[in-house]
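User: I am new to this structure. Please take a close look at one part for me, the end of the chain, and then place it in its wider setting.

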Amino acid sequence: MQADEVLEKGDFACPYNSALLPKLVLCLSQLPHNIAPCSMLPKKGGYAYPAINVTSLPTINGALRAFSESKSDGIIQVSTGGGEFASGTSVKDAAFGAIILAEACHLLAEKYNVLIALHTDHCHPEKVDSFLKPLLEASRKRIAEGKGPLFQSHMFDGSVVDLKENLAISKGLLKECAELGIILEVEAGCVGGEEDGHDTSGLPIEKLYTTPKDMVEVYEALQPIGRFLFAATFGNVHGSYKPGAVKLKPSILRDGQKAVMDKHGAAAEMDLVFHGGSGTSESDLRETLDYGVVKMNIDTDTQYAFTRPIVTHMCQNIEGVLKIDGEVGEKKSYDPRSYLKKAEISLCERMKIACNDLRSTGQTIFGKF
Ligand SMILES: [Zn+2]
C-alpha cells in the first residue's frame with residue numbers, strides 16, 4: 001500500500017499533499033474538531049516547534065496549557081523511559097505506557113485551540129522490537145478503525161551503530177512509517193551527555209559533529225522513501241551545563257545543508273531537529289533556525305521547572321508535609337495535588353519561554369484550513 005493511498009482514505013487525510021505544498025512537514029494531531037493536520041514547514045529564519053518530553057498527566061496538562069496560551073502549535077513526545085514510568089512501577093512496559101500517554105494527549109488536546117503532534121523520542125536499535133513496533137501496530141489498528149495514527153512521528157536513534165547499518169534500519173522503519181502517514185526522525189552523529197539512562201559522555205569529540213558527507217548520505221537514503229526529520233549533531237549535549245561548557249557549532253548544519261542542496265537542488269533542504277539545547281544562547285538557537293531546524297527538544301529545562309516549586313512547597317510547609325514529634329502534619333500540604341499544580345504551572349511558564357525562543361508564539365495554524 002502506498003503512503004498516498006492511506007492519506008487519501010483515512011478521515012485524518014491531509015487536504016494538502018506534498019505536490020501542492022512541497023514544504024509541508026508535520027501532520028499534527030488529527031482530532032475530530034481540527035482535521036487540518038498539516039502545517040507548513042517554518043521557513044528559513046522562521047520558527048521551530050518546541051518538543052517537550054512528558055511522563056504524566058501534570059506534564060501533559062502543563063505543556064498543553066503553554067502551547068495554548070502561547071497560541072503555538074507544538075510537539076509532545078514520550079521517551080522509552082517516560083513510557084515505562086507511565087505504565088507504573090509494576091508493569092514497566094515502555095510501549096504500553098507510551099500508548100496510555102498518547103491516548104490521554106489525544107483526548108486532552110481537544111480542549112485546546114492549537115494543534116499538537118505526538119512523537120516518540122530516542123529509540124535505540126535494541127528497543128525497536130519492544131517499543132517502536134508495538135506503537136506502529138497501535139497506529140495501524142487506529143487507522144483501521146478510521147482514526148489517525150497514534151503518534152504522528154517516531155524517532156529511531158541509530159547513532160550507536162555505524163552509518164551504513166543505521167541507514168539500513170532507518171530505511172525499513174521509514175517505509176513502514178510512510179505507509180501509515182507517520183514521519184521518522186533519524187540521528188547521525190551522536191548527541192553527548194546522558195539522557196534516559198543512555199550515556200554517551202565518554203565519546204570522542206568528533207562523534208559529536210555530523211559531517212556534510214553524512215548529511216548527503218542520509219538525504220539520499222531516506223528522501224525517496226518518505227518524510228523524515230534529521231537530528232544532525234553539532235556539538236549538542238543532553239542535560240544541563242554551566243555556560244560555556246558546551247561548544248555548539250551551528251555552522252555544521254549550514255555546511256551540511258549546503259552540501260545536500262549543491263548536489264540535489266534548493267528543494268532538498270532538510271528538516272532538522274535540535275537535541276540537547278539546554279543552556280544554549282539565544283543567538284546560537286536563532287542561528288539554527290536559519291539552517292533548517294524545525295523542531296527543538298526540551299526536557300532538562302522543563303524537568304527543573306517542574307521540580308523547582310515542589311522544593312519551595314516542601315521547604316515552606318515542612319511541618320505540614322511531615323509528621324514530626326507525634327504531630328499529624330497537614331493534609332492540605334501533603335495532598336500531592338497541592339504541589340503538583342504548582343509544578344504544572346511552572347512547567348507551563350518555562351514552555352512559554354521556549355515558544356518565544358523558537359518564535360513559535362502566535363504561529364498556530366489551528367482553524368486556518
Ligand atoms: Zn535527544
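Analyst: Start with a cut-off. A residue counts as buried if 20 or more other C-beta atoms lie within 10 Å of its own, as exposed if 12 or fewer do, and as partly exposed in between. Keep in mind too that this is a predicted model.

Now take Thr361. This residue sits in the segment after α13. Within 10 Å of Thr361 there are 19 other C-beta atoms, so Thr361 is partly exposed. What does Thr361 touch, leaving aside its neighbours within four places in sequence? Its contacts are Ser70, Lys71, Ser72, Cys355 and Asn356. Thr361 also pairs up in space with a residue from another part of the sequence. Phe67 is 294 residues from Thr361 along the chain, yet their C-alpha atoms are 8.1 Å apart.

Move on to Thr364. It too lies in the segment after α13. Is Thr364 buried or exposed? Thr364 has 21 C-beta neighbours inside 10 Å, so it counts as buried. Not counting residues up to four places away in sequence, Thr364 touches Lys71, Ser72, Asp73, Val114 and Leu115. Val114 deserves a second look. Its C-alpha atom is separated from that of Thr364 by 6.1 Å, though the two residues are 250 places apart along the chain.

Next comes the backbone. Arg359 is another residue of the segment after α13. Its phi is positive, about 60 degrees, although Arg359 is not a glycine. Most residues other than glycine have a negative phi. Arg359 has 17 C-beta neighbours inside 10 Å, so it counts as partly exposed.

Lys71 makes a good companion to Arg359. Lys71 is a contact of Thr361, and Thr364 touches it as well. It lies in the loop between α2 and β4. Lys71 is not a glycine either, and its phi is positive at about 50 degrees. With 15 other C-beta atoms within 10 Å, Lys71 is partly exposed.

The helices beside these segments also meet. Helix α2 covers residues 57-69 and helix α13 covers residues 336-357. Their axes come within 8 Å and cross at roughly 40 degrees. That angle makes α2 oblique to α13. The crossing is right-handed. On the α2 side, the contact is made by Pro58, Thr59, Asn61, Gly62, Ala63, Arg65, Ala66 and Glu69. On the α13 side, it is made by Leu340, Ala343, Glu344, Ile345, Leu347, Cys348, Met351, Lys352 and Cys355. Cys355 has appeared before: it is also in contact with Thr361.

From the loop that holds Lys71, go on to the strands. Strand β4 (residues 74-78) pairs with β5 in the parallel sense over five bridges. Val78 has Thr120 as its bridge partner in β5. β5 also pairs with strand β6 (residues 153-156), again in the parallel sense, over two bridges. There, Thr120 stands opposite His154.

How enclosed is strand β5? Five of the five residues of β5 (residues 116-120) are buried, so the strand is largely enclosed by the rest of the structure. Ile116, Leu118 and Thr120 point one way, while Ala117 and His119 point the other way. Residues on both sides are buried.

A helix links β5 to β6. Together β5, helix α5 (residues 128-144) and β6 make a right-handed β-α-β unit. Helix α4 (residues 94-109) packs against α5 at an angle of about 40 degrees, with axes 8 Å apart. That makes α4 oblique to α5. This crossing is right-handed. Ala94, Ala95, Ala98 and Ile99 of α4 meet Ser130, Phe131, Pro134, Leu135 and Ala138 of α5.

Last, the whole chain. The protein chain holds 13 helices and 13 strands. It has 369 residues, of which 48% count as buried. Take its contacts between residues at least 6 apart in sequence: 71% of these join residues at least 24 apart. The contact of Thr364 with Val114 spans 250 residues along the chain.

Key:
Residues are numbered from 1 along each chain as its sequence is written. This is a predicted model: local features need pLDDT of at least 70, side-chain atom pairs count only at pLDDT 80 or more; totals for chains, interfaces and linings use all residues. Helices (H or I, at least four residues) and strands (E, at least two) are DSSP runs, numbered from the N terminus. Two strands pair if DSSP finds at least two bridges between them. A crossover is right-handed if, with the strands pointing away from the viewer, the path from the first strand over the helix to the second runs clockwise. Two residues are in contact if their C-beta atoms, placed from the backbone, lie within 7 Å. Axes are lines fitted to C-alpha atoms, for helices over the stretch in contact, and angles run from 0 to 180 degrees between N-to-C directions. Angles under 35 degrees count as roughly parallel, over 145 as roughly antiparallel, 65 to 115 as roughly perpendicular and the rest as oblique. A crossing is left-handed if the near helix is turned anticlockwise from the far one by less than a right angle, and right-handed if clockwise.
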